[in-house]
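Q: Please take a close look at one part of this complex, the place where the two chains meet, and set it in the context of the chains themselves. A connected account would be preferred to a list.

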Amino acid sequence: MAKTPAAYARHREGTQPPYLYPDYASTVKRAPTRPLIPFEHTLSEITGPTFSSGWAGPAATDLTKQHKSEPLGERIIVTGCILDEDGRPVPDTLVELWQCNAAGRYHHPVDQHDAPLDPNFTGAGQAVTDAEGRYRFVTIKPGAYPWRNSPNAWRPAHLHFGVFGGGFVTRLVTQMYFPGDPLLQYDPIYQSTADAAARERLIAAYVPELSEPEWALGYAFDMVLRGREATPFEAAP
Amino acid sequence: MSGKLIPTPGQTVGPFFALGLDRPEWSDLTRNNPQGERIVIEGRVFDGDGAPVPDAVIELWQANAAGRYNSPEDTQDDKPIDPNFLGYGRVATDPQGHFRITTIKPGPVPGRGNALQAPHIEVAFFARGLLKQLFTRIYFADEAANASDPLLAGIEDDSVRRTLLARRGEGGVYRFDFVLQGKDETAFLDL
């Protein structure tokens with residue numbers, strides 16, 4: 001029987017949001033009430049799907065070129081690396097992106113916010129990371145929008161990201177925010193992670209060198225996935 | 001340990017994830033015609049009020065019919081890889097909280113030590129109102145190997161263990177509901 005590969009490390013206290021966080025009202029009827037059952041990782045948790053680099057072409061990484069004309073809004077470049085906790089790049093992994101348009105409206109039938117749809121913007125893209133774990137999207141800056149969590153609540157501008165990593169338990173779905181956004185301090189989804197350093201991982205950095213002159217603003221956003229537990233050294237012969 | 005980076009916190013998929021995540025073809029894991037027994041699993045998702053959850057997305061990961069994962073981490077060289085079976089699937093719930101997946105019955109895979117695990121499907125469960133995914137497993141109620149499965153055997157309360165079992169119903173379709181809270185609350189795992 002083949003040996004079980006090294007398990008993935010547990011998250012440190014406070015560095016992930018809890019399931020129950022009443023300030024985000026929808027958690028109250030959806031968070032599990034029983035304690036989760038601890039279980040040591042087996043091959044089932046440590047393995048995970050792989051995606052070929054042919055999966056996402058240029059049309060999937062440039063959200064401003066998916067229609068006849070260009071979408072309205074501030075053109076941005078969002079790029080970064082998918083890393084593990086030890087700083088090792090995660091190559092050949094699928095990154096999925098979705099977002100609302102510059103006016104704060106999603107191309108989705110459930111979104112009834114009174115803001116215009118943009119016929120030139122869908123708001124979905126995919127990329128597969130290169131050998132250095134790097135991805136790059138061109139899109140437009142999403143708008144803030146109201147939601148019914150509490151009276152006069154507004155979501156800060158954000159991009160939704162989904163990333164796989166090497167194992168089924170490394171899967172991450174998260175949101176990227178913009179630096180200096182005054183709405184962050186009022187947003188329970190952003191605030192739900194207790195550890196301030198972990199929370200700041202969710203904010204992209206404006207990087208002048210990534211901006212392209214006369215064309216687009218550049219933001220850097222790395223995403224860090226769970227790494228392996230320390231493996232015992234092999235005994236010297 | 002010092003020097004380690006802090007992993008990025010999860011954030012909810014929100015109510016509009018279909019825009020980025022819904023790929024209806026991924027609910028059929030048999031679309032490339034893999035080897036193995038075809039099965040259908042369907043069910044519904046309910047919240048703490050017993051109301052259907054129309055904005056959940058369920059991701060699945062499983063071994064092939066021989067019990068091998070399509071992953072470089074699986075080095076069970078005595079079992080064949082099925083090039084027509086990725087083993088990953090995804091399905092979003094409909095407005096009634098219903099989902100349906102088509103796949104093949106996975107073979108048994110090894111657990112830790114010398115244990116053998118009963119056939120199962122790994123599940124990552126996302127929804128509006130969940131700040132990060134929940135993990136669980138789908139087992140098959142009609143599988144004799146369940147009796148010696150390390151996870152199932154470790155759950156003392158039978159009413160909790162039963163929430164992990166898909167049961168064959170009409171037409172041979174397996175039924176598996178996700179219940180987020182209450183008496184029949186699904187057993188979720190701390191992985």
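A: Two strands count as paired if DSSP finds at least two bridges between them. The model is predicted, and the pairing that matters here crosses from one chain to the other. Strand S1 of chain A, residues 37-38, pairs with S12(B) over two bridges, in the parallel sense. Within this pairing, A:Pro38 has B:Asp190 of S12(B) as its bridge partner. In general, strands of a sheet pair through backbone hydrogen bonds, either parallel or antiparallel.

The strand pair belongs to a wider contact, to which chain A contributes 68 residues and chain B contributes 58 residues. On the side of chain B that touches chain A, the elements giving two or more residues are helix H1 (18-21) and the strands S5 (109-110), S7 (120-127) and S12 (189-190) of chain B. Of these, S7(B) gives the most, with five residues. Sorted by class, this side of chain B holds 30 nonpolar, 17 polar and eleven charged residues.

As for confidence, the predictor assigns the complex an ipTM of 0.96 and a pTM of 0.96. Chain B has an average pLDDT of 96, and 99% of the residues score at least 70.

On the other side of the contact, chain A contains four helices and twelve strands. Its radius of gyration is 19 Å, close to the 18 Å that the globule rule gives for 237 residues, so chain A is as compact as a globular protein of that length. The C-alpha trace of chain A spans about 65 × 40 × 30 Å along its principal axes. Of the 237 residues in chain A, 43% are buried. Taking contacts in chain A between residues at least 6 apart in sequence, 72% join residues at least 24 apart.

Chain A also has pairing within the chain. Four of its strands form an open sheet in the order S4-S3-S8-S9, with antiparallel pairing. Strand S4 (124-128) and strand S9 (172-177) of chain A each have a single partner strand and stand at the edges, so one side of each is left without a neighbour in the sheet. From one strand to the next, the twist averages 20°. At the S4(A) edge, strand S3 of chain A, residues 94-98, pairs with S4(A) in the antiparallel sense over five bridges. Here A:Glu96 stands opposite A:Gln126 of S4(A). To return to the junction between the chains, S1 of chain A and S12(B) are parallel, with two bridges.

Notes:
Residues are numbered from 1 along each chain as its sequence is written. Chains are lettered from A and ligands numbered from 1 in the order in which they are written. This is a predicted model: local features need pLDDT of at least 70, side-chain atom pairs count only at pLDDT 80 or more; totals for chains, interfaces and linings use all residues. Two residues are in contact if their C-beta atoms, placed from the backbone, lie within 7 Å. Ala, Val, Leu, Ile, Met, Phe, Trp, Tyr, Cys and Pro count as nonpolar, Asp, Glu, Lys and Arg as charged, and the others, Gly among them, as polar. pLDDT is the predictor's confidence in each residue, from 0 to 100. Axes are lines fitted to C-alpha atoms, for helices over the stretch in contact, and angles run from 0 to 180 degrees between N-to-C directions. The radius of gyration is taken over C-alpha atoms; the globule rule is 2.2 Å times the number of residues to the power 0.38. A residue is buried if 20 or more other C-beta atoms lie within 10 Å of its own, exposed if 12 or fewer, and partly exposed in between; C-beta atoms are placed from the backbone.
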